[in-house]
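Student: I would like a close look at one part of this model, with its surroundings worked out step by step. Please keep it brisk.

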Amino acid sequence: MPVSVLEKVFEYLKRSLTIAWKSVFFNFNQYVCFFIAIIIVQVLYGMMSISNDNNNNVEYQHIMEEYNYHMVLKNLNRDQMQYLVEDEGTVFKSDVIFQVTAVDEYKNYFTGEDRFDVYLFFTGDLDWCAERFEKSYQKDLANLGSEGSSFSKATTALMTFEDNVRANAVTFVFITLILLVVAIFLLTQLYNIRINQYKFQYGIYLTFGADFKMLFGTSFWELFIIFVVTFIPSILISTLISFIIYNASGYGFIFNGLSILKIFLFTLVVILASVWTPMKVMSVKDPMSLIITEDNSNLVTSPRRSFNIFAEKFPTKYEFYSLWRFRKYNIQVLTSAIVFCALFIMGLYMADIYTTDLNYPRPQFTVNLAESGFEYDEIMSRELYELDGVRAVEINDNTTEGRHIASHIITNKKDVLPFKNLVAYAGTEFNLAEEGQYYRVSSDVLYTAMTEEQLRVLEDYDYDGDLTSIITQPKTVIVGDSISNVRTYKFDVGDTIYIAKKTGQIKSVDSNITGRALLKDQIRYFHYEYEAYTVGAVIYDVPSGSTPIYLNLEDYKATTGKTPKATSFNVYVSHDVTTEQVKQLYDDIREWGRVYGDVKVQNTDITLLNAVARDKHYNELYICISILILCISPLIWFFSQSLYYSKREKEFNILQSIGAVAKEIKQIYLQGGLCMAVMSLFVAIILSYAGSYILFYVYNVMMPYFTGENVRYVFYMPWYAILISIVMSVFCGFFSTYLPFRSYYKHRFSLQNGGAGEFGGEE
């Protein structure tokens, strides 16, 4: 009777799983690290998958508490209001696309006419409803408007929630890819370590006809057994951690059963990828080359020098030569283990970046006076600051880029950090204050006009000096210390900078050149007038595409030739304001604006967005993930070193047979451990610094080009993270060597007494 395909598959699975089960649990010590590693991988991804679902829930709950409408139409006349309330654009009931949830009525102070705000909740697909409203209703509303009047519309976070969910999904996919790379790297390294120590065994397999298919199948099913055993505990652990994190937000905790499938597929892909490459490489090896590498000789390089070990300082010099012989192995272990310490520090730095972003000062409201015919003045300032919750007002129309007016600043070379590639001053019009002084020039400056009340905007930043000095003291400026968010200057309060104002030119410069070349030509061919300014305050964490230079109104006009306009501004609210208070303040500012006519007020919802961001608990997630990643480092250290020294036991027995005593063998272990500890110290610092700086550069310099928003993240490596990383690396570097010695001392028999007793000889 023919055997069905299903029976063949069942028989294959049964045989493969049975062999893998026996292999794993009869050689449990060889696989214990894989159990721990796969649990860590599953918990990491489980936390991210569960948190993604909870984050969407938190965001939706926050928005529903804040808004029951998708769009608000502002400044409508009575006809426009009635058109919407009665839904005159709909012929059939099935065509209804919105419901009116509220109508606010108020007076126009100039005409006495009744005006209305109408709040709409869309009842169908949001994209389709918004498109139809724009093409049909909005056109009809415009036709119903009176001459000289206009209405505006604004959407809420409820309108963009579905877009945010899609954006969260994209972010989740990106995080999945990062975790996939980390997880595959981890398991691949562990498997490579295991393969390296058991190449003799694989050489025997290949000698008897094993090929890639057989090697891959054996390896995959072994890890699959471990995966199945750890699957349920990992889900329970990741769910418990996520529950503890999110339950505190007050929005409940949700568990989507789809997360189980995600974790299963993620881990399956990880173990498939982790054994594919090692087995592919192994399958093409010459069997005899594997058999003769039982003693790690694939990772041994001859020092090309022979010496009488007992005529030298033994075992110190012997072990130094051993470190060189096994340098490939040492480099592999150091980089593989310590890279996870670096990832731990990067994770904590990410948590700090997230916190910095939450605390970054952003405006709650934007106000536009352009259509009212007014400009922001002292009276308006007093009126706004009297409103409860207003912390600062920032004018938008008072900045000028230095390069746009062919201006630059000159600073003393001592005030510029090394390797910052600024142009050396080579002109003739600047009167050098002292012989022998060297100066640097930059046109990457942003001149900003400031009034006394505008200075409140700067109080949130980290600064030295007196912010009010630009108002109270002549020829004084406030400066930032960076270009493109990277610290460039080391200004002190009281330093002098020189601001250049173009007064004429010898000839025009090539319009096709930019950057340093353009600045050099400008200095060569333009006439400048230089004004000395004293640094009254230095701001260290202000965002900076170009170096910010803050001047009072008089100096700003003299430098740029422009009179600052004030037709639009941002309103910042108190740090402790609630979303309910923001609603009231929004109404108050709109009521204030009606006194001046057609004033547009837009709520940026930043308080709501920050509340949502805090309840998403990314800070806690980054910390948990970092701790789990740190746990990988000792895993690699002890797994690799225990196998490595077990293979060297025969070497130590040979040393005993030619005269080495127990104390000297112990010194080999201890000196090897000390050397690994010292090397791990330096490698940990180097990799951690490099990883953190990469994050700093990505978020500070690269991200603003994509987001359009400058946020300054100060570069630093958390001292506690560095300390933990160094202690972990040094501890593992030493004890991953010392513990194998204790095992060797306890279980191995010495050749000195013919193998008849415990480790003997001179202590």
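What is the relative accessible area of lysine 600?

Tutor: Lysine 600 has a relative accessible area of 23%. That value makes lysine 600 partly exposed. The cut-off for buried is under 20%. Keep in mind that this is a predicted model.

Now for the partner. Lysine 600 forms a salt bridge with glutamate 371. The N to O distance is 3.1 Å. Lysine 600 sits in strand β20, residues 600-603. Glutamate 371 is in the loop between β5 (365-368) and α12 (378-385). The two are 229 residues apart in sequence, so their salt bridge ties together separate parts of the chain. Glutamate 371 is exposed, at 53% relative accessible area. In this pair, then, glutamate 371 is exposed, while lysine 600 is partly exposed.

Next comes helix α17. Its residues are 606-615. Seven of its ten residues are buried, so α17 is largely enclosed by the rest of the structure. Which residues are these? They are Ile606, Thr607, Leu608, Asn610, Val612, Ala613 and Asp615. What covers them? The cover includes helices α2, α7 (212-247), α11 (327-359) and α16 (579-594). Strand β19 (568-573) is also part of the cover.

Go on to the loop between α17 and α18. Lysine 616 lies there. Lysine 616 makes a salt bridge with glutamate 59. Their closest N and O atoms are 3.1 Å apart. Glutamate 59 belongs to helix α2, and 557 residues separate the partners. This pair, too, links distant parts of the chain. Are lysine 616 and glutamate 59 buried or exposed? Both are buried.

Histidine 617 lies in the loop between α17 and α18 (618-630). Most residues other than glycine have a negative phi. Histidine 617 has a positive phi, near 60 degrees. This positive value comes just after α17. Histidine 617 is buried, with a relative accessible area of 9%.

A second case of positive phi is asparagine 485, near 65 degrees. Asparagine 485 lies in the loop between β14 (482-483) and β15 (486-487). Its relative accessibility is 0%, so asparagine 485 counts as buried.

Return to helix α2, residues 28-66. That helix supplies glutamate 59 to the salt bridge with lysine 616. It also holds aspartate 53. Aspartate 53 is buried yet has no salt bridge. Which side chain of opposite charge is nearest to it? That is lysine 262, at 4.3 Å. The salt-bridge cut-off is 4 Å, so a pair at 4.3 Å does not count. Lysine 262 is still in contact with aspartate 53. Ile254, Asn256 and Ser259 are also in contact with it, leaving aside neighbours within four places in sequence.

Compare a local pair. Aspartate 163 and arginine 166 meet in a salt bridge of 2.3 Å, N to O. They are three residues apart in helix α5 (residues 161-197), so about one helical turn separates them. Aspartate 163 is partly exposed, at 38% relative accessibility. Arginine 166 is partly exposed as well, at 42%. Elsewhere, Arg78, Glu105, Lys107 and Asp114 are linked in a network of salt bridges.

Finally, the whole chain. The search finds 23 salt bridges across the structure. The chain carries 63 positive and 81 negative side chains. The centres of the two sets lie 14 Å apart. There are 22 helices and 20 strands. The radius of gyration is 35 Å, well over the 27 Å that the globule rule gives for 763 residues, so the chain is more spread out than a compact globule. The C-alpha trace spans about 110 × 90 × 45 Å along its principal axes. Buried residues make up 49% of the 763. Among contacts with a separation of 6 or more, 83% join residues 24 or more positions apart. The exposed area is about 36,900 Å², with carbon and sulfur atoms supplying 59% of it.

How values were computed: Residues are numbered from 1 along each chain as its sequence is written. This is a predicted model: local features need pLDDT of at least 70, side-chain atom pairs count only at pLDDT 80 or more; totals for chains, interfaces and linings use all residues. Side-chain values use heavy atoms; hydrogens and water are left out. Helices (H or I, at least four residues) and strands (E, at least two) are DSSP runs, numbered from the N terminus. The radius of gyration is taken over C-alpha atoms; the globule rule is 2.2 Å times the number of residues to the power 0.38. Buried means under 20% relative accessible area, exposed over 50%, partly exposed in between (1.4 Å probe, protein chains only). Contact means heavy atoms within 4.5 Å. Accessible areas come from the Shrake-Rupley method with a 1.4 Å probe; for residues, only the protein chains shown count as cover. Lys and Arg count as positive and Asp and Glu as negative; His and the chain ends are not counted. The place of a charge is taken as NZ of Lys, CZ of Arg, CG of Asp or CD of Glu.
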